Amino acid sequence: MKTKLAILSLAIAVPSCVFAQDSIKVSNNGEYPNTFSSGSANVERFTQSSKRFNDWSISFGAGVPLVQYADLTSLKFGKGAGKSLVGYSAYLSIDKAISHTFGLKLQYDRGETRQGAFYTRDAAPANASANGQYGGRTQYDAISILGDLNLTNLFRRVDNKSPYRWALHGYAGVGTIGYRAYLKDETGQRLVTEVKPIRDGLSFFGQGGAGLKYKINRRLDIEGRVMYIVTTDDTFDGGDSVVNMRKDNNSDNFINATLGLSVKLGKHESHLMWHDPLQEIYYRTDVLESKINDVEVCKAGDADNDGVCDDWDRQLDTPAGARVDGSGVALDVDMDGVIDLYDKCVTVPGPVENNGCPVTTAQTPNSGSVTEAETKLDGIEFELNSDKILSNNTPILNNAVGYINSSNGAYTVVGATDTRGSEAYNQKLSQNRANNVKDYLIKNGVESTKLDAQGNGKNDLKYPECDPASKCPEWKNKANRRVYFKAK
């Protein structure tokens, strides 16, 4: 179970570490992103030139090492326990931020611990060894690699929009250590153990702890740090074979409390370890909202109150209540010159004098039939090179079903095209358009004996001036691509 959890954690951590510094540039070179990438266009390969944050720094500091888990200790507790002994330490590290939550440190430590019953620089008490009173000191040098986990960024709430200057970091790592351990009693001071990593092989040690950082400015951080060092050696405290028999310790460990500075390197304004991606998202959202609020809509107003601003309204005196298109022009579905607001027959063209309805003769007694003069039904248009009925035309055709069924007359469904394309192609296309409309009407209740279909190709133009089509606006070409009804 533990192995599975470790593998899962590694799978989650690796991608965030490798691609930590994203770029806001867009790559359109046709190579990346591709079908095997994330699919986002706002991505580019991570290179030095695409970095947006500083990610290198140098840290140094000094502090106090205290040997505790050993035969000879630094701190004494309780009445009559003796005097606590204090040593010194210093560190220097080169730091690399991999993401806003994780980094690595290459660190060098040097110091001296002091432990036992008295300082080795002081005189030993009489009969010190007989009374078990020894003074010890250890000079050490260590090189280690530390993982740096930014706990503040890692556990920062997603709804926290405030900037921050304090950050809690966790550290852990391993390295090699060399030391010289001295022991003193009434006979004098002597070197008990000396470990040289290169000559005597590698003496490994581990350390872990936490640090609290404060951001002074974009270049400097101050940090208080407490580390626990595991030496893996029972002779680190200076104890000899006699001293080391006091306690059954596998290694002598010590605590190192330090205060230091970090100098952030690079040309950018901010460091990656102080970057909160969510904070950046909130900031960009606020900027967009402020830009939206600054946009002034309808500077010239909407004089006819048709919902289309006067800045782009092509008809500034639209009657109240009339439906309009995107340019503010009142709709006239059957294009008979009577807008839909006043048209009594919205889908069938008719003269203005008859409120947009076709002129008909009186109904014959008890027959319920209507005798028609020639009439047309315009407005059923098609896309270029297509005979498919558009969805916005179905209401017009449904009204035509009722109109034709109310009449005893028969109708020719006439199809037409614009002037683009050959004569033969357009003749076939117009016939297909007429057939499709005829089939639609029959499927929706019109008697098949009342209809036939006729294709006129490009020889039946609503706007004859569109020959050739290249000299014609597209809205006129679209109006030429149509189907209309002609009474027989």
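A salt bridge is taken here as a side-chain nitrogen of Lys or Arg within 4 Å of a carboxyl oxygen of Asp or Glu. In the predicted model, the side chains of Arg-190 and Asp-185 satisfy this criterion, with an N to O distance of 3.5 Å. The two partners differ in exposure: Asp-185 is buried, at a relative accessible area of 6%, whereas Arg-190 is partly exposed, at 32%. Across the structure, the count of salt bridges comes to 15.

A second pair is formed by Glu-269 and Arg-218, whose closest N and O atoms are 3.5 Å apart. This salt bridge links distant parts of the chain, the two residues being 51 residues apart. Glu-269 is in the loop between β9 (253–265) and α4, and Arg-218 is in the loop between β7 (204–215) and β8 (220–230). Glu-269 is exposed, with a relative accessible area of 61%, while Arg-218 counts as partly exposed at 30%. Salt bridges with shared partners also join Glu-112, Arg-114 and Arg-137 into one network. Within this network, the closest N and O atoms of Arg-114 and Glu-112 are 3.0 Å apart. Glu-112 is buried, its relative accessible area being 6%.

Lys-184 presents a contrasting case. This residue lies in strand β5, which spans residues 166–185. Lys-184 is buried but has no salt bridge. The nearest side chain of opposite charge belongs to Asp-122 and is 7.2 Å away; the cut-off for a salt bridge is 4 Å. The side chain of Lys-184 does, however, reach the backbone oxygen of Asp-122, at 2.7 Å. With residues up to four places away in sequence left out, the residues touched by Lys-184 include Phe-118, Thr-120, Arg-121, Asp-122, Ala-123 and Ala-124. Also among them are Gln-133, Tyr-134, Gly-135 and Gln-189.

The secondary structure of the chain consists of seven helices and 13 strands. Of its 488 residues, 40% count as buried. Among contacts in the chain with a separation of 6 or more, 64% are between residues 24 or more positions apart.

Nonpolar side chains tend to be buried together in soluble globular proteins. In this model, the largest nonpolar core has 17 residues. The residues with the most contacts inside this core are Ile-404, Val-413, Val-437, Leu-441, Leu-451 and Phe-485. Two or more residues each come from α5 (394–405), β11 (411–415), α6 (423–443) and β13 (482–487). The largest contribution is that of α5, which gives five residues. Around Leu-451, the contacts outside four places in sequence are with Ile-404, Tyr-411, Val-413, Lys-438, Leu-441, Ile-442 and Val-446. A second core, separate from this one, has 15 residues, including Tyr-140, Val-195, Ile-229 and Phe-236.

A search of the whole structure finds one disulfide. The bond joins Cys-345 to Cys-357, with an S to S distance of 1.9 Å. The torsion about the S-S bond is about 95°, so the disulfide is right-handed. Both cysteines are in the loop between α4 (277–294) and β10 (380–381), twelve residues apart. Cys-345 has a relative accessibility of 19% and therefore counts as buried. The corresponding value for Cys-357 is 12%, and this residue likewise counts as buried. The value for Cys-345 is to be read against the cut-off, since buried means under 20% relative accessible area.

The loop between α4 and β10 also holds Ser-327. At 15% relative accessibility, Ser-327 counts as buried. Its side chain is joined to that of Asp-325 by a polar contact of 2.9 Å. Leaving aside neighbours within four places in sequence, Ser-327 is in contact with Val-308, Trp-312, Asp-313, Arg-314 and Gln-315. The C-alpha atoms of Ser-327 and Cys-309 are separated by 9.0 Å, the two residues being 18 residues apart along the chain.

Note on methods
Residues numbered from 1 in each chain as written. Predicted model: local features only at pLDDT ≥ 70, side-chain atom pairs only at ≥ 80, totals over all residues. Heavy atoms only, no water. Helix = DSSP H or I, 4+ residues; strand = E, 2+ residues; numbered from the N terminus. Buried < 20%, exposed > 50% of the residue type's maximum accessible area, 1.4 Å probe, protein only. Lys, Arg positive; Asp, Glu negative; His and termini not counted. Polar contact = N/O pair within 3.5 Å; in protein donor to acceptor, adjacent residues only side chain to side chain. Contact = heavy atoms within 4.5 Å. Core = buried A, V, L, I, M, F, W, Y, C linked by side-chain atoms within 4.5 Å. Disulfide = S-S within 2.5 Å.
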